[in-house]
Each structure stands twice: as C-alpha cells, then as structure tokens.
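Let's take a walk through a protein model, starting at one pair of residues and working outwards. Have the sequence and the picture open beside you as you read.

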Amino acid sequence: MFSDVRVVLFDLDGTLVDTAPDLAAATDHMLESLSLPPVGEARVRTWIGHGVNHLIKRALAATSGSEQEELFESGSRLFLDYYAGHLADRTSPYPGVVEALDELVGRGLHLGVVTNKPARFTEPLLESLGLRDAFQAVVTGDAVTEQKPAPEPMLKAVRLCGGIPQQAIMVGDSMTDVEAARRAGLGVIGVPYGYNHGDKLFWTAPDLMIQSLAELPALLESNKADECG
Ligand SMILES: O=C(O)COP(=O)(O)O
Ligand SMILES: [Mg+2]
C-alpha cells in the first residue's frame, strides 16, 4: 500500500504527543483569571487540532456566551503567557513514539512535523521532549498562509524533507490531517487515540488505521518487502 516511502510526516498534538493536560491547565488558568468557570481536560480535548486561537475562542464562547474581540484579546494574552511557561509539565510522547522515530531515522527516512500549533510553542516543546533532532522539517501553523486542512503545510514539509508527495505519507489523529494529506497527494495513516473528537468519519477516512506508532516501522518495512517480492 505504501511502497517506496521516503518521507514520513507527523501531526503533533494527538499523534506524537498528548498535549491536552497542559493545554487544559492553560485554558483553565485563563478562565479563572477572567472570573469564568473552568472547563476541564475532557472538554479541552474536543477543541484541540485547529490551533490555539480556536481553542481559546471555544473556551471563551462556552463559558462567557460571548465572542467579544476584547475578551479574546485579554484571554489569549493570559493563555499564551501561561502555556509558554508550562509547555511540557504534563505533556509526553504517546507510547511507541520515541522508538518508532529512532527506527525510521536509523533507516534513513526523512521525517517532518506538520502542526497547526505556532512555532513559539512547537519548537521548545519538541526540544524539551528530546524529539527535535528526529525531524528534518517542522512546519507550524504560523509558517504558512493556510493551515491544515489546506495542502500548503504538507507540500512545504515534503519539499523541506527533499521529497515528492508520491513518496510521502502523513500520520495524523484528525480529519484536518486526512484532508490536508489527500489534497496534497499524500498517503495517510490514522491513529485513534488522539483528538479526533469522536468523529466517525475519521475511522474510515485514512488509507489505514494503526493502534500506535509502534506498528509503523514494520508496516513500512513489509511494504518494502512486498514491493521486492
Ligand atoms: O490545535 C493545535 O494547536 C495544534 O494541533 P495539531 O498539532 O493537531 O495540528
Ligand atoms: Mg492533531
């Protein structure tokens, strides 16, 4: 199915790392500072994947019933300042991630991250978790004109990895990843454990679902074997 793969791109939040605990802490800090009720991690999980501005807006709308620009401005300042100081307090890679990245890098594949998170959070987060060196390209939400589900970030990451879409695949946890990959002409693998928001469509949309990234190296290896045999 995935023959001759040279470039593997990964979504960040919900695919490589479970960022929800720290994003929820930043959200509740913002709400409490504005004398609004906290929303908790379970609800925050349903708002991750479209960038932090989307998350902030959803939390403010849910608790204040308003989408006032003024509230968003003070809210986002509170959120961003807090999150910048607490990026990796309780955030960690999902099981199998570190080993899978090591194995793929060892095989000479070129790896990239494509996230809607801004660079000011993405780069220090990857550094503090010891993951940054695995990636040849890190394309963040603020580095492109149009974020996922647009194809632009995928195409940019493939280019930075020195590859072509026909030899690249995307691994993600949400429909935004599937749509962006399809529109860029990439194969796509889904993981079920992230923030797919109970979206039934997501379960059948990727070319393949895997339970954890631990399955990925063997999958790419066996496809290579199929091709030779
Ligand atoms: O919502 C975000 O901030 C980023 O989400 P992503 O890493 O899944 O693209
Ligand atoms: Mg995601």
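## Starting in the sheet

Gly 112 has Ala 137 of β5 as its bridge partner. Here, helices (H or I, at least four residues) and strands (E, at least two) are DSSP runs, numbered from the N terminus. Gly 112's neighbourhood is strand β4 (residues 110–114), which pairs with β5 in the parallel sense over 3 bridges. Two strands count as paired if DSSP finds at least two bridges between them.

Before going further, a word on what you're looking at: this is a predicted model, where local features need pLDDT of at least 70, side-chain atom pairs count only at pLDDT 80 or more, and totals for chains, interfaces and linings use all residues. Residues are numbered from 1 along each chain as its sequence is written, while chains are lettered from A and ligands numbered from 1 in the order in which they are written.

Now zoom out to the sheet. In which order do the 6 strands of the open sheet come? The order is β5-β4-β1-β6-β7-β8, with parallel pairing. At the edges sit β5 (137–139) and β8 (208–209), each pairing on one side only. Strands of a sheet pair through backbone hydrogen bonds, either parallel or antiparallel.

## Strand β6

Why is β6 described as largely enclosed by the rest of the structure? Because 5 of the 5 residues of β6 are buried. A residue is buried if 20 or more other C-beta atoms lie within 10 Å of its own, exposed if 12 or fewer, and partly exposed in between, with C-beta atoms placed from the backbone. Both faces of β6 are covered: Ala 168, Met 170 and Gly 172 are buried on one side, and Ile 169 and Val 171 on the other. That fits a general pattern: in a regular strand the side chains alternate between the two faces of the sheet.

β6 runs parallel to β1, joined by 4 bridges, and Val 7 stands opposite Ala 168 of β6. β6 also runs parallel to β7, again with 4 bridges; there, Ile 169 has Gly 187 of β7 as its bridge partner.

## Helix α8 and its cover

Which residues of α8 are buried? They are Thr 176, Asp 177, Val 178, Ala 180, Ala 181 and Ala 184. Their cover includes α7 (152–160), β6, β7 and α9 (200–204). Right after α8 comes Gly 185, with a positive phi near 85 degrees.

How do α7 and α8 meet? Their axes (lines fitted to C-alpha atoms, for helices over the stretch in contact, with angles from 0 to 180 degrees between N-to-C directions) come within 8 Å and cross at roughly 65 degrees. Pro 153, Met 154 and Leu 155 of α7 make the contact with Ala 180, Ala 181 and Ala 184 of α8. Two residues are in contact if their C-beta atoms, placed from the backbone, lie within 7 Å.

## Three aspartates from the record

A UniProt entry, which is unreviewed, places the feature "binding site" at Asp 11, Asp 13 and Asp 173. UniProt positions are given in the numbering used here, feature names are shortened, and annotations may be inferred rather than shown by experiment. The three are spread over 163 residues of sequence, yet they cluster in space, with a largest C-alpha distance of 8.2 Å.

Here are three buried residues, including two of those aspartates:

| Residue | Place | C-beta neighbours inside 10 Å |
|---|---|---|
| Asp 13 | loop between β1 (7–10) and β2 (17–18) | 28 neighbours, buried |
| Asp 173 | loop between β6 (168–172) and α8 (175–184) | 26 neighbours, buried |
| Phe 121 | helix α6 (residues 119–128) | 23 neighbours, buried |

Leaving aside residues up to four places away in sequence, Asp 13 touches Thr 19, Ile 48, Gly 49, Thr 115, Lys 117 and Tyr 195. With neighbours within four places set aside too, the contacts of Asp 173 include Asp 11, Gly 14 and Tyr 195.

Phe 121, beyond its neighbours within four places in sequence, is in contact with Tyr 83, Ala 84 and Leu 87. The C-alpha atoms of Phe 121 and Leu 87 are 7.1 Å apart, although 34 residues separate them along the chain.

## How confident is the prediction?

The protein's mean pLDDT (the predictor's confidence in each residue, from 0 to 100) is 94, and 96% of its residues reach 70 or more. Over residues 225–229 the pLDDT is below 50, and this stretch has 2 contacts in the model beyond near neighbours in sequence. Where pLDDT is low, the predicted coordinates should not be read in detail.
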